[in-house]
Amino acid sequence: MHTTTATSAAPGAATSRYLAAMRNRGPLTIDWAAAPTRHKRYPSAERVRLPWTGPEVGLLGELLRDLLGLTRIVWSHHLGDGGEPLRRPPMLLAGRPAPSGGGLYPIEAYVAAREPHLPAALYHYDPVHHVLERVRGGDHVPALTGLLAGGHPAEVVIVLSAVFWRSMFKYGDFGYRLICQETGVLIAQALAVGERLGLAGGAHLRFADGQVDRLLGLDSAREATLAALTLTLPPTNPRPSAPAPPPASQPLTSPLPPASPLPPASPLPPASRTPGPRPPSLDELMSRPAAGESRPLPRAMPSDGLAATLHRACTLASPEPPAPANGASPHAAANGASPPAPAATRSWDRPAPPRPPVPATHPLPALQPAPHLTAAVARRASPIAGYRPAPLPAGALGAVLAAACAGYPSDLPGTSTGPAATAVCVLSLRVDGLPRGAYWYDPTGHTLHESATSIDAVTTGPLLPNTRVALRGAAAVLIPVGDPVAGAPTFGDRWYRMQQMETGLIVQRAALAAAALGLAARIHSDGANETTDDVLGLARTPLRSLSFLAMGTPPTGGPLVTRPIPAPVHEEVMDAPTTA
């Protein structure tokens, strides 16, 4: 069954054209006057004010706040390209809990919930005022879950959409890649926060795009759905508290004792349905009036651009999985490894992660206790002035890698039992007991396999100045690696979007694990380039570096000071006219 809405081009053709253009892209001219606002509003909509904390709908408010809300005050001094301070007045900014490419925040959240304290409706989350805006009345949970792969029942559905121009006005077509990865970042964030709140659920990357967009009232050329989260609410008993994070000043300068590996993620759980009247049909819901958006609307993607072409090729008319084209196996064997034997009962699957090379293995010690991602959400920060050049214990690096590559609940087979399908490489810059060099991480054996001993070309390659500054003191770099077209025979061009989202999920999990250990981490997308591929030995394979996460010991003091916004203060100012 052919499920894409694109023409009958070869699977992955739009992805291949997009990748070729991104490799050869030149410098961009940014028109800052064309920048849209960084949040969306429905001014005429009824509003539901969300509690800051607490039971019932407060759980949903906590999740949304820690996903997209204004949660921190950032006091930042201007720095030059080389990290030197500039003589300009400092900036005071309102920060959000998860990183965003260029701080542009293109992702919006829509909510439908079967929650007794929330009137049945489709809502949009306004992060500036921490309220839900009623977009359209009616119980949208059954309609939305019916458009997801498998039709999984749930009590809460959160749909993540992308306002394309919010990133593309600055990054052009490359912004589509950043948007897809940011969606994965937010999926990882939602799963970590949901664990803290006792909200069970998982991510959905396959759904009927056009119907979901119409149900949300979106113009797909301006804003489109990229992922959905289905959640079940916890029992009424108090939720367990997350373990307290270590003090921010706690040093990590010595190896830590071994520990048991992280437990596998749970699969998508079943959700109970409360008996009641028949929910409205999809047609009935869409016939109801919807609240009007704020004007002016952001610009649409240029229809003839490569990003728009790729996005159209990614969309599905049906969420159900197709059979592999021409009987081809979707598994990748780009590095010479043999793909797993096909299962007679499996009509589709993801490409398997590439196997690391065999020579020079380095077992990694485990940490005791393993880092708890939920405790690190409030502490995660992206340093802008690099790192203190302090060594990193091998056990700490191993804990970050184990957390990053663990399975996760989603609608893709195999993710709940792990590991993730995207492979991970590591640059060791200053790790205790691990020679400087490039390595492949094997999650099944928790070992590193040496790939290259000379990595100087990465640090002198085509990098932005702030990336060079970061590498001067960073202890290690985590690099997700994969074949951007390996899954095209099964998923078509949708595979590109899915792989980029998993990449974002991996780097965010790594950043949260690093924060739980008192470390800092920052994504530098420019580090995923051809020079890095050469160093990792990928140049003559279909594999490519997908992202570039530097991590290390945060500097003492520095030009960036971040403080949480206290709840009472937030309650007083959340109705003030401001921007995010």
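**Close-up A. Helix 5 meets helix 13 at an angle of about 50°.** In this predicted model, helix 5 covers residues 174-197 and helix 13 covers residues 494-516, and their axes lie 6 Å apart where they pack. The two helices are therefore oblique to each other, and their crossing is right-handed. On the helix 5 side, the residues that take part are Tyr-176, Arg-177, Cys-180, Gln-181, Thr-183, Gly-184, Val-185, Ile-187, Ala-188, Gln-189, Leu-191 and Ala-192. Facing them from helix 13 are Tyr-496, Arg-497, Gln-500, Met-501, Thr-503, Gly-504, Leu-505, Val-507, Gln-508, Arg-509 and Leu-512. Sorted by class, this contact of helix 5 with helix 13 holds 12 nonpolar, 8 polar and 3 charged residues.

**Close-up B. Helix 8 packs against helix 13 at about 100°.** Here the axes of helix 8 and helix 13 are 7 Å apart. How are the two helices oriented to each other? With an angle of about 100°, helix 8 and helix 13 are roughly perpendicular. Helix 8 brings Leu-310, His-311, Ala-313 and Cys-314 to the contact, and helix 13 brings Arg-494, Tyr-496 and Arg-497. The contact of helix 8 with helix 13 counts 4 nonpolar, 1 polar and 2 charged residues. If you have just come from the previous view, you may recognise Tyr-496 and Arg-497, which are also among the helix 13 residues that meet helix 5.

**Close-up C. Helix 9 crosses helix 13 with a right-handed crossing.** Helix 9, residues 394-405, packs on helix 13 at an angle of about 140°, and the axes are 8 Å apart. Look for Val-400, Ala-403 and Ala-404 in helix 9, and for Ile-506, Arg-509, Ala-510, Ala-513 and Ala-514 in helix 13. The contact of helix 9 with helix 13 has 7 nonpolar, no polar and 1 charged residues.

**Close-up D. An open sheet is built from 7 strands.** Follow the strands in the order 1-6-5-4-7-9-8, with antiparallel pairing. Which strands stand at the edges? They are strand 1 (47-49) and strand 8 (200-204); each has a single partner strand, so one side of each is left without a neighbour in the sheet. From one strand to the next, the twist averages 30°. Within the sheet, strand 7 (residues 156-163) and strand 9 (residues 223-232) run antiparallel and are joined by 8 bridges. Ala-162 is a handy place to find this pairing, since it stands opposite Ala-224 in strand 9. Helix 5 lies across strand 4 (107-113), strand 7, strand 8 and strand 9, and runs at about 15° to strand 9.

**Close-up E. Arg-166 is a buried residue of helix 4.** Helix 4 spans residues 165-171, and the relative accessible area of Arg-166 is 4%. Arg-166 and Ala-34 are 132 residues apart in sequence, yet their C-alpha atoms are 9.4 Å apart in space. Leaving out residues up to four places away in sequence, Arg-166 touches Pro-36, Thr-37, Arg-38, His-39, Lys-40, Leu-104, Tyr-105, Pro-106, Ile-107 and Glu-108.

**Close-up F. Tyr-105 and His-130 each have a positive phi.** Most residues other than glycine have a negative phi, and most peptide bonds are trans. For Tyr-105, phi is near 50°. Tyr-105 sits in the loop between strand 3 (91-95) and strand 4, and it is buried, with a relative accessible area of 13%. For His-130, phi is near 55°. His-130 belongs to the loop between strand 5 (121-126) and strand 6 (131-137), and with 0% relative accessibility it is buried as well.

**Close-up G. A cis peptide bond links Arg-295 to Pro-296.** The omega angle of this bond is near 0°. You can find Pro-296 in the loop between helix 7 (282-286) and helix 8 (306-314).

**Close-up H. Leu-536 is buried in a loop.** The loop runs between helix 14 (530-535) and strand 16 (544-545), and the relative accessibility of Leu-536 is 2%. Trp-440 is 96 residues away along the chain, with a C-alpha separation of 8.6 Å from Leu-536. Beyond residues up to four places away in sequence, Leu-536 touches Cys-425, Leu-427, Ala-438, Trp-440, Ser-451, Ile-479 and Val-481.

Notes: Residues are numbered from 1 along each chain as its sequence is written. This is a predicted model: local features need pLDDT of at least 70, side-chain atom pairs count only at pLDDT 80 or more; totals for chains, interfaces and linings use all residues. Side-chain values use heavy atoms; hydrogens and water are left out. Axes are lines fitted to C-alpha atoms, for helices over the stretch in contact, and angles run from 0 to 180 degrees between N-to-C directions. Helices (H or I, at least four residues) and strands (E, at least two) are DSSP runs, numbered from the N terminus. Angles under 35 degrees count as roughly parallel, over 145 as roughly antiparallel, 65 to 115 as roughly perpendicular and the rest as oblique. A crossing is left-handed if the near helix is turned anticlockwise from the far one by less than a right angle, and right-handed if clockwise. Contact means heavy atoms within 4.5 Å. Ala, Val, Leu, Ile, Met, Phe, Trp, Tyr, Cys and Pro count as nonpolar, Asp, Glu, Lys and Arg as charged, and the others, Gly among them, as polar. Two strands pair if DSSP finds at least two bridges between them. Buried means under 20% relative accessible area, exposed over 50%, partly exposed in between (1.4 Å probe, protein chains only).
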